[in-house]
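Me: I'm new to this one and would like to go through it piece by piece. Could you put it up so that we can talk it over?

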Amino acid sequence: MNAATEAPTSDTRPLVVGIGGTIGGPSSTERALAIALDAAGEQGFRTRLFGGADMAKLPLYDPKAAHRTAEEQDFVATVRGASALIIASPGYHGSISGVVKNALDLLEETARDTDRAYLADMPVGLIATAYGWQATGSTIAALRSIVHALRGWPTPFAAAINTQLTKFDDEGGASDPAVIDQLKLVGKQVARFAPLAGLAD
């Protein structure tokens with residue numbers, strides 16, 4: 001299944017949700033995320049991708065807002081139903097992008113959930129892309145810190161991709177086979193750890 005396509009709601013397989021990309025069309029970050037999600041799909045999981053176009057529809061998070069838009073409600077409900085997440089961000093000025101951070105801020109809506117507050121006990125795969133190596137490391141570190149704050153479990157391997165060296169194509173490939181293997185490992189790890197967390201029933 002293509003990672004960008006939502007599986008039918010009658011499908012009872014556990015769900016892996018991908019969050020990442022940039023506003024303005026498919027990006028290297030979103031293409032990298034799709035490869036990782038496809039790998040999770042190959043392990044028997046449903047997948048759902050919230051890319052740049054989806055995150056652009058989320059208003060700036062206001063914790064005091066009386067109502068949530070349909071897009072906000074869909075995003076929160078989908079994450080609530082997930083067994084694992086994969087978060088991918090470009091490295092902007094040494095950290096994660098504003099649109100990715102805004103989407104993650106919206107998960108404050110789950111703070112009082114009794115079944116699972118935030119991302120409690122959920123495995124979370126991480127991907128960072130940047131035009132150079134320095135920002136990939138700091139972006140991965142920022143993502144790990146955020147996932148810990150949300151009570152999630154960052155998986156052991158995180159993919160750091162230097163887009164100065166690796167190019168992605170419209171067909172779902174990349175110029176470096178080693179990068180594809182790294183992204184697939186991210187997807188395989190979240191699929192492997194979801195049952196251990198008891199979230200893939």
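Me: Where does Arg-151 sit?
Reply: In this model, which is predicted, Arg-151 is placed in the loop between H5 and strand E5, the strand that covers residues 153-162. Its phi is near 70°, which is a positive value in a residue other than glycine.

Me: What do most residues have for phi, then?
Reply: Most residues other than glycine have a negative phi.

Me: And how accessible is Arg-151?
Reply: Arg-151 has a relative accessible area of 46%, and because partly exposed residues fall between the limits of 20% and 50%, Arg-151 counts as partly exposed.

Me: Which histidine has a positive phi, and where is that residue?
Reply: That is His-93, whose phi is about 55° although the residue is not a glycine, and His-93 lies in the loop between E3 and H4. With a relative accessible area of 85%, His-93 is exposed.

Me: Let's move on to H4. Which of its residues are buried?
Reply: The buried residues of H4 are Val-100, Asn-102, Ala-103 and Leu-104. What covers them includes strand E1 (15-20), helix H2 (52-56), H3, strand E3 (84-90) and helix H5 (134-149).

Me: Asn-102 caught my eye there. What does Asn-102 touch?
Reply: Leaving aside residues up to four places away in sequence, Asn-102 touches Leu-58, Pro-59, Leu-60 and Tyr-61. Asn-102 itself belongs to helix H4, which spans residues 98-105, and its relative accessibility is 10%, so Asn-102 counts as buried.

Me: Changing topic, how many aromatic pairs are there?
Reply: A search of the whole structure finds one aromatic pair. The rings are those of Phe-50 and Phe-75, with centres 5.0 Å apart and planes at 80°, and therefore the pair is edge-to-face.

Me: Which parts of the chain does that pair link?
Reply: The pair links distant parts of the chain, since Phe-50 is in strand E2 (residues 46-50) and Phe-75 is in helix H3 (residues 70-80), with their positions 25 residues apart in sequence.

Me: Are those two buried or exposed?
Reply: Both Phe-50 and Phe-75 are buried.

Me: Now the helices. How do H1 and H6 cross?
Reply: The axes of helix H1 (residues 28-42) and helix H6 (residues 177-196) come within 7 Å and cross at roughly 50°, which means that H1 is oblique to H6. H1 passes H6 in a right-handed crossing.

Me: Which residues make the contact?
Reply: From H1 the contact is made by Ala-32, Ile-35, Ala-36, Ala-39 and Ala-40, while H6 brings Ile-180, Leu-183, Lys-184, Val-186, Gly-187 and Lys-188. Sorted by class, the contact of H1 with H6 has eight nonpolar, one polar and two charged residues.

Me: What about Lys-188, which residues does that one touch?
Reply: Not counting residues up to four places away in sequence, Lys-188 touches Ala-39 and Gln-43. Lys-188 is partly exposed, with a relative accessible area of 34%. The C-alpha atoms of Lys-188 and Val-17 are separated by 13 Å, although these residues are 171 residues apart along the chain.

Me: One last residue, His-67. Where is His-67 found?
Reply: His-67 is found in the loop between H2 and H3, and at a relative accessible area of 70% His-67 is exposed. The C-alpha atoms of His-67 and Asp-169 are separated by 39 Å, and these residues are 102 residues apart along the chain.

Key:
Residues are numbered from 1 along each chain as its sequence is written. This is a predicted model: local features need pLDDT of at least 70, side-chain atom pairs count only at pLDDT 80 or more; totals for chains, interfaces and linings use all residues. Side-chain values use heavy atoms; hydrogens and water are left out. Axes are lines fitted to C-alpha atoms, for helices over the stretch in contact, and angles run from 0 to 180 degrees between N-to-C directions. Helices (H or I, at least four residues) and strands (E, at least two) are DSSP runs, numbered from the N terminus. Angles under 35 degrees count as roughly parallel, over 145 as roughly antiparallel, 65 to 115 as roughly perpendicular and the rest as oblique. A crossing is left-handed if the near helix is turned anticlockwise from the far one by less than a right angle, and right-handed if clockwise. Contact means heavy atoms within 4.5 Å. Ala, Val, Leu, Ile, Met, Phe, Trp, Tyr, Cys and Pro count as nonpolar, Asp, Glu, Lys and Arg as charged, and the others, Gly among them, as polar. Buried means under 20% relative accessible area, exposed over 50%, partly exposed in between (1.4 Å probe, protein chains only). Rings of Phe, Tyr and Trp (its six-membered ring) pair if their centres lie within 6.5 Å; planes under 30 degrees apart count as stacked, over 60 as edge-to-face and the rest as tilted.
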